[in-house]
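Subject: Structure for you to look at

Hello,

Here is the structure I promised to pass on. Please open it first, then read my notes below.

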Amino acid sequence: MLNKIKDPFIISIFGASGNLATIKIFPTLYELMLKKIFPNDFVIIGYARSKMSEDEFRNFVAKNIRKYYKRKVQTNVLNELLKHLHYTTGNYDNLKDFNKYRSHIDKLLKGKKLINICYFAVPPVVFKDIIKNLGNSRKSVHEDIRLILEKPFGDNASSASDLFHFVSQYFTEDQIYLLDHYLGKSAVQSILSLRESNKILNLIMEGPEVANIQITAFETVGVEERIGYFEKVGTLKDMIQSHLLQVLALVTMSIPVTSIDESLHREKYSILSAIKFGKSKNNIVLGQYESYKNIKGVAKNSPTDTFAALRLFIDRQSWYKVPIYIRTGKKLYEHHTYMVIELKKHRFQPKSDPPNRIILEFYPDERINIKLVNRQGHNFQYQDITTSDTIACEDDSCLPEHGGLLRDVIAGRKRFFLSFPEVITTWELIDSIIKFARRNHVKIETYKEKSSGPKSQDKLTKIDGFKWYDIH
Ligand SMILES: NC(=O)c1ccc[n+]([C@@H]2O[C@H](COP(=O)([O-])OP(=O)(O)OC[C@H]3O[C@@H](n4cnc5c(N)ncnc54)[C@H](OP(=O)(O)O)[C@@H]3O)[C@@H](O)[C@H]2O)c1
């Protein structure tokens, strides 16, 4: 059973007519309502340029919850949620419209002071206008306004830093929640709890015991539906800059001894800023699936990467010379996300002996596997001894990614959000890789759909005498 949220609040959804609101935020609000997490006193207000009456907005929300909520929708719960919904039409760059929105919420709150959670469900080009007008239309800087911004935060280090400086003119850092939905996955969150609660596991996952780390994030889908966004971005930026580097940080960072969120962000920043890409063509493979250029809106000579693989290192004494391999791509043969921590062998062991491995699977299964090698019988045949258990959240207290993160914002918890220094330092890394790839004409290799991507990804692990570990 989940704890009910005690503090009354208001959620303002900017861009309430759009895709993120429709497919993620509305179904999440329904789920929170279904699980009886909301207090009696809460208000949800949509804001967008699209002209809609409040009733039209309620119908719009109801229609999309019925369409995108993954299970059967209970009409009584939905109707109860709809009673809390309101809407204001307005432009994002017009202070007068924000004053109108303020008057609207003042009328709804009738003098009560509530936490105001402002969800930015708009394209990043609109972020600054909303930040400025929210800042200028509030009555006092002491109002409890919390901003939720979804990844991507900028599209390089300079634009991320610019956004940071801009938002800092109006709001303090503790009011800003940078959301990467990967950190809302219960299996990703389990990395920290497993490390915190198992000293033994933590000891064998430390740099001196690790031979290499591999992260694989394969998808079967293409990018047709998101082509306008993806064509400008590519896989390095879309998947590696935030999602996969965040997962890597959770595994390789020092665990803070206090539960203060800032301590965790400091440690995460510290390890992320130590990740290095050695400027060599041997450390990168980029690919594009065969039919990508046939998609409407894609240039015939598009250089956009739909596959990327990297060989990285962490400039830290404890992670010295431990290679990190990351590979991710679209239209591949399977949808599978996992991390393999390959452990070192005895120095006296023959090279041909298979290694022990810790495997964290995030999708479709959410589990931890510890694979130990055993030699048995007269011929000393190798056998795996696998200890395996789910790290999925499976009881009533579990929430989908956005639900858990939204609850964290209401509770003022930032453990599974990003900090601007983390965002900027990972952009610096990705910027340097992109610059290297362009200057050195790193080839975008065409790969077949339903394959495992360009064959040359094997060169990354081969340099160090390792192989990618495929889970079948
Ligand atoms: N969609 C997803 O699955 C997803 C996933 C991860 C992150 N995100 C992030 O979530 C945010 C919202 O994404 P989205 O896909 O929901 O965006 P979207 O559907 O393109 O836009 C949301 C709303 O913003 C308004 N809008 C769109 N373009 C605008 C422009 N150029 N100027 C002013 N207003 C504009 C429109 O509302 P009105 O015209 O009615 O004002 C639109 O309905 C983005 O930051 C995105 O990167 C989205």
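How many Å separate the centres of domain 1 and domain 2, taken over C-alpha atoms? The answer is 35 Å. Domain 1 covers 9-150. Domain 2 is made of 183-399 + 420-462. Please keep in mind that this is a predicted model.

The sheet

There is an open sheet of six strands. Its order is 3-2-1-4-5-6, and the pairing is parallel. Strand 3 (85-89) and strand 6 (176-179) are the edge strands, so each pairs on one side only. From one strand to the next, the twist averages 20 degrees. In general, strands of a sheet pair through backbone hydrogen bonds, either parallel or antiparallel.

Look at strand 1 (residues 9-14) and strand 2 (residues 42-48) for one such pair. They run in the parallel sense and share six bridges. Ile11 stands opposite Ile44 of strand 2.

Two helices to find on the strands are these. Helix 4 (residues 95-109) lies across strand 1, strand 2 and strand 3. Helix 4 runs at about 160 degrees to strand 3. Helix 12 (residues 401-411) also packs on the sheet. Helix 12 touches strand 1, strand 4 (115-120), strand 5 (145-150) and strand 6. The direction of helix 12 makes about 140 degrees with that of strand 4.

Helix 1 and helix 2

Two packed helices are described by the angle between their axes and the distance between the axes. The axes of helix 1 and helix 2 (residues 54-68) come within 9 Å. They cross at roughly 90 degrees. Angles of 65 to 115 degrees count as roughly perpendicular, and helix 1 and helix 2 are therefore roughly perpendicular to each other.

Which residues meet here? Helix 1 brings Thr22, Ile23, Phe26, Pro27 and Tyr30. Helix 2 brings Val61, Asn64, Ile65 and Tyr68. By class, the residues of this contact are seven nonpolar and two polar, with no charged ones.

The ligand

The ligand has 19 residues around it. Gly18, Leu20, Ala48, Arg49 and Ser50 are the closest. Helix 1 (residues 19-34) gives the largest share of this shell, three residues. The shell holds 11 nonpolar, five polar and three charged residues.

Backbone points to check

Most residues other than glycine have a negative phi, and most peptide bonds are trans. Three places deserve a look with that in mind.

- Lys151 to Pro152: this peptide bond is cis, with omega near 5 degrees. Pro152 sits in the loop between strand 5 and helix 6 (157-168).
- Tyr363 and Pro364: a cis peptide bond joins them, and omega is about -5 degrees. Pro364 sits in the loop between strand 13 (357-363) and strand 14 (367-376).
- Lys110: phi is positive, at about 45 degrees, although Lys110 is not a glycine. Lys110 is found in the loop between helix 4 and strand 4.

Best wishes

Conventions. Residues are numbered from 1 along each chain as its sequence is written. This is a predicted model: local features need pLDDT of at least 70, side-chain atom pairs count only at pLDDT 80 or more; totals for chains, interfaces and linings use all residues. A residue is near a molecule or strand if its C-beta atom, placed from the backbone, lies within 6 Å of it. Helices (H or I, at least four residues) and strands (E, at least two) are DSSP runs, numbered from the N terminus. Ala, Val, Leu, Ile, Met, Phe, Trp, Tyr, Cys and Pro count as nonpolar, Asp, Glu, Lys and Arg as charged, and the others, Gly among them, as polar. Domain bounds come from an automatic or database domain assignment. Axes are lines fitted to C-alpha atoms, for helices over the stretch in contact, and angles run from 0 to 180 degrees between N-to-C directions. Angles under 35 degrees count as roughly parallel, over 145 as roughly antiparallel, 65 to 115 as roughly perpendicular and the rest as oblique. Two residues are in contact if their C-beta atoms, placed from the backbone, lie within 7 Å. Two strands pair if DSSP finds at least two bridges between them.
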